[in-house]
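Me: Could you take a close look at one part of this structure for me? I would like to start from a single loop residue and follow its surroundings outward.

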Amino acid sequence: VQLQASGGGLVQAGDSLRLSCAASGLSFSSYIMGWIRQAPGKEREFVAAVAWNGASTKYSDSVKGRFTVSRDNIKNTVYLQMNSLKPEDTAVYYCAARRSQWVGVDENDYWGQGTQVTVSS
């Protein structure tokens, strides 16, 4: 199983980025997909998750209204559209897959390698 995250970069506050995570080696539509982030010196933080068919989503309070998670079960890819970025969004963003429950900070079945997002003020 591989989860390949991409799309990170260095942006200014207020800018937008879209992260992608391409999955292979698993029955993608059978997994809840999501994003977890970790800032330097801080614990992992749940960001967002999307259910099997994309109909249900979940967000942390810190990103609600600014970030949108979505998935394409044909392309086996999950996305995180990040708008109105803030310096406190700076972190390594990991995609994760979990079969039977919402993606969490530790209990996932599979993890991607992470992509760095840096937001300057």
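Reply: Happy to. Asp15 is a good place to begin: with a relative accessible area of 33%, Asp15 is partly exposed, because that value falls between the 20% limit for buried and the 50% limit for exposed. Please keep in mind throughout that this is a predicted model.

Asp15 sits in the loop that runs from strand S2 (9–12) to strand S3 (17–24). Leaving out residues up to four places away in sequence, Asp15 touches Met82, Asn83, Ser84 and Leu85. The C-alpha atoms of Asp15 and Lys86 are separated by 8.4 Å, although their positions lie 71 residues apart along the chain.

Let's follow one of those contacts, Met82. Beyond its neighbours within four places in sequence, Met82 is in contact with Asp15, Ser16, Leu17, Leu19, Arg66, Phe67, Tyr93 and Val117. Met82 is also one of the residues with the most contacts inside the largest nonpolar core, along with Trp35, Leu80 and Tyr93. That core has 30 residues, and strand S1 (2–6), S3, S4, strand S5 (45–50), S7, S8, S9 and S11 each supply at least two of them. A second, separate core is made of six residues, including Ile32, Ile36, Ala49 and Val103.

Two names on the Met82 contact list lead us further: Val117 and Arg66.

Take Val117 to begin with. Val117 is part of strand S11 (residues 115–120), on the covered face with Thr115 and Val119. The uncovered face of S11 carries Gln116, Thr118 and Ser120. The general pattern is a familiar one: in a regular strand, side chains alternate between the two faces of the sheet. S11 has strand partners as well. S9 pairs with S11 in the antiparallel sense over three bridges, and Ala91 stands opposite Val117 there. S2 pairs with S11 in the parallel sense over four bridges, with Gln12 having Ser120 as its bridge partner in S11. This brings us back to the loop we started from, since Asp15 lies between S2 and S3.

Now for Arg66. The side chains of Arg66 and Asp89 meet in a salt bridge, 2.7 Å from N to O. Arg66 lies in the loop between strand S6 (57–59) and strand S7 (67–72), and Asp89 in the loop between S8 and S9, so this salt bridge ties together parts that are 23 residues apart in sequence. Both Arg66 and Asp89 are buried; for Asp89 the relative accessibility is 0%.

Asp89 has another partner too. Its side chain meets that of Arg37 in a salt bridge at 2.9 Å, N to O. This pair links distant parts of the chain, 52 residues apart, with Arg37 in strand S4 (residues 32–38). Arg37 is buried as well, because its relative accessible area is 5%, which is under the 20% cut-off. Through shared partners, salt bridges join Arg37, Glu45, Arg66 and Asp89 into one network.

For a contrast in setting, look at Asp61, which forms a salt bridge with Lys64, the closest N and O atoms being 3.3 Å apart. Asp61 is exposed, with a relative accessible area of 68%. Across the whole structure, the search finds six salt bridges.

So the path from Asp15 goes through its contact with Met82, and from Met82 on to Val117 and Arg66.

Terms used:
Residues numbered from 1 in each chain as written. Predicted model: local features only at pLDDT ≥ 70, side-chain atom pairs only at ≥ 80, totals over all residues. Heavy atoms only, no water. Helix = DSSP H or I, 4+ residues; strand = E, 2+ residues; numbered from the N terminus. Buried < 20%, exposed > 50% of the residue type's maximum accessible area, 1.4 Å probe, protein only. Contact = heavy atoms within 4.5 Å. Salt bridge = Lys/Arg side-chain N within 4 Å of Asp/Glu carboxyl O. Pairing = 2+ DSSP bridges. Core = buried A, V, L, I, M, F, W, Y, C linked by side-chain atoms within 4.5 Å.
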